[in-house]
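Visitor: I'd love a close look at a single part of this chain, with its backbone and its surroundings in view. Could you pick a spot and then lead me on from there?

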Amino acid sequence: MTIRKVFRNPLAVAALAILLVIVLGSIFAPLIAPHSPTALRLDKINAGPGGGYLLGGDGAGRDIFSRLLHAGRNTLTGAVIALSVALVLGVVSGLLGGYYGGLLDGVLGWGANLLMALPTMIVLLALFQALGSSIYLAMVAFGVMLAPGFHRLVRGQVMAVKHELYVDAARVSGLSDPRIIGRHVLLVVRAPIVIQAAVVAGIAIVVQSGLEFLGLGDPGTPTWGGMLQDAFTNIYTSPVAIWWPGTTIALTVASLVLLGNAIRDVIQRTERPRKPPSPPKVAPTAPDTADLPLLRITDLSVGYPSPDGYREVVHGVDLDVRQGEVMGLVGESGSGKTQTAFSVLGLLSPGGTLLGRSSIVFDGRELARLPEAERRTLRGRRIGYIPQEPMSNLDPCFRVGDQLVEPLRVVSGLSKRAAVAEALQLLERVGIPEPRRTFAAYPHEISGGMAQRVLIAGAVSGKPDLLIADEPTTALDVTVQADVLDLLRGLRTEFGMAMLLVTHNFGVVADVCDRVAVMQDGRIVEVNDVRPLFASPQHPYTQTLLGSTLEDSAPRARLEVNHA
Ligand SMILES: Nc1ncnc2c1ncn2[C@@H]1O[C@H](COP(=O)(O)OP(=O)(O)OP(=O)(O)O)[C@@H](O)[C@H]1O
């Protein structure tokens, strides 16, 4: 598909054709070349074209055409070596440094800066001196010196994309770091890598030819740079001879750059196609009245580094969520709701740390000290997450269906076909009118309400025991909000899962929750069943919050309904 689109660009077609001729000519040089590249004929010294020498003879009477073909093999191999080394080192280090940050990024960045500070030509000349005349060895060294360019490019792109909500969403859905890097991050950086690779290949050819022009390398091996040198020496006797290697180098480099540009343009414009979803798996969670809460948060404190140590943003929160219940976490903006919820998910922003005796026990397991690898196995499987901004949590590069199928396959180990079937079922279950159409759509082609339903489908696809929803309706239209809340209630009943619902809206609490915890300035000030809390709020802060909510708008009054 991408290749077909590249072919629509006439410049790219011309560039590709030229490159093909040059590459194929070089590969098949021994078959095509009419003469040996080293065969001498005295009568052909600096001779013009003709007499069996298509492009004439060089200063030693060797056939220029045959040498050009053979030289291509050596020069292109050198360029491929330099490019491969630069790509492997630069892309891998850029991905790792950008994604993981911290000390690793610091060390890799330091290495890249050091390499960039070295004078390339002088280092290469010194290497020739030290290691002998192998141009390939020099190209390996050149590749190492070109790697920082890729490192910086990739690192910058990764830094820009790694905090995208859809990357967080992929993390929450249980995908491992290598998968996230390979799927969501590498995809974003591939276009700049392609164009940079084309330019670097061109630079490698030019530098290599430059070194050979200076007389470095094995004089017995034909190379384009060596041919340039020979032609330059004889420029007054045979001025035409310099055109052949010069034009070949220029055409190769220009074609590489033009082709790289064309591929990049197509990649940037192309949206990624297909992939199907999967079927359900884990049995719905069993229910209700067990005495042990499903989630017990004790003395949770969250801090971020500050000049004087840590600034605490959550202070000693205690909170239980029982099997199958919907617990609302309500409070003003900045009261610490999200930090509490993200502590359970293990997704605090960089620097965020659980302090003191913080404990988060989920189904009998202490999460606060669980290694990240084990935590990841819980996310998407036992603990689902519905984010606040549906659009930002879907990767714009993938169709909606792909984004459901991938986690379904990873988490449930389903075949592609089964995963597609399951995803379609899920889309239908969350009330998407035309599941197949939405499945094949890109995020920008669906509404915010639909996107939130898609994310809800993803969140419940692993049949989690606990669903954490962070302001799941805030970004939606008022009319859509009610539908989404109805959906959440229905799913909760159907799957028997517990929910921790973060909201600043008492209307939402009244609509969906069984119990509610009120947060103020990083502390929980009141916890109660919803009805008594609404009927007689104890804490002054709850009274104020409730008062302001009821003044503004009446909640969707479900308070009379019995939730249990
Ligand atoms: N990355 C961070 N670094 C430092 N402080 C942070 C960071 N993220 C959040 N905080 C602080 O933590 C406190 C609680 O934030 P939190 O996001 O939990 O609030 P919230 O109640 O969810 O509000 P909102 O509804 O606006 O998201 C705030 O004071 C915020 O400034």
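**A close look at D299, and onward**

Guide: Let's start with D299, which counts as partly exposed because 15 C-beta neighbours lie inside 10 Å of this residue. Please keep in mind that the model is predicted. D299 belongs to strand β1, which covers residues 295-306. The backbone deserves your attention here: phi of D299 is near 50°, a positive value in a residue other than glycine.

E471 makes a good companion to D299. Phi of E471 is near 45°, again a positive value in a residue other than glycine. E471 sits in a loop, the one between β8 (466-470) and α18 (478-495). E471 has 20 C-beta neighbours inside 10 Å and therefore counts as buried. A residue is buried from 20 neighbours upward, so E471 just makes the cut with its 20.

From β1 we can step to the ligand. Y304, which falls within the residue range 295-306 of β1, is one of the residues surrounding the ligand. Others around the ligand include V313, G331, S349 and H504, together with S333, G334, S335, G336, K337, T338 and Q339. By class, the shell holds nine polar residues, two nonpolar ones and one charged.

Which helix gives the most to that shell? Helix α12 (residues 337-345) does, with three residues. This helix is mostly covered, since eight of its nine residues are buried. Among the buried residues of α12 are K337, T338 and Q339, and those names also appear in the list of residues around the ligand. T340, F342, S343, V344 and L345 are buried in α12 as well. Just after α12 comes G346, with a positive phi of about 75°.

Another covered helix is α10 (residues 224-233), where eight of the 10 residues are buried. They are W224, G225, G226, M227, L228, Q229, D230 and A231.

Now for how helices pack. The axes of α6 (residues 120-131) and α7 (residues 135-162) come within 10 Å and cross at roughly 150°. That angle is why α6 counts as roughly antiparallel to α7. The crossing of α6 and α7 is right-handed. For α14 (residues 400-412) and α15 (residues 416-429), the axes come within 9 Å and cross at roughly 120°. α14 and α15 are therefore oblique to each other, and α14 passes α15 in a right-handed crossing.

A contact between distant parts of the sequence is worth a look too. G97 lies in helix α4 (residues 64-100) and counts as buried because 24 C-beta neighbours sit inside 10 Å. G97 and G156 are 59 residues apart in sequence, yet 9.7 Å apart in space, C-alpha to C-alpha.

Finally, a word from the record. An unreviewed UniProt entry annotates "transmembrane region" over residues 12-33, 76-100, 107-128, 134-154, 185-207 and 242-263. Residues 12-33 are 91% helix and 0% strand in the model, with end C-alpha atoms 28 Å apart. For residues 134-154 the chain is 95% helix and 0% strand, and the end C-alpha atoms are 31 Å apart.

Methods
Residues numbered from 1 in each chain as written. Predicted model: local features only at pLDDT ≥ 70, side-chain atom pairs only at ≥ 80, totals over all residues. Near = placed C-beta within 6 Å. Helix = DSSP H or I, 4+ residues; strand = E, 2+ residues; numbered from the N terminus. Nonpolar A, V, L, I, M, F, W, Y, C, P; charged D, E, K, R; others polar. Buried ≥ 20, exposed ≤ 12 C-beta atoms within 10 Å, placed from the backbone. UniProt positions renumbered as here; feature names shortened; annotations may be inferred. Axes fitted to C-alpha atoms, helices over the stretch in contact; angles between N-to-C directions. Parallel < 35°, antiparallel > 145°, perpendicular 65-115°, else oblique. Left-handed = near helix turned anticlockwise from the far one by under 90°.
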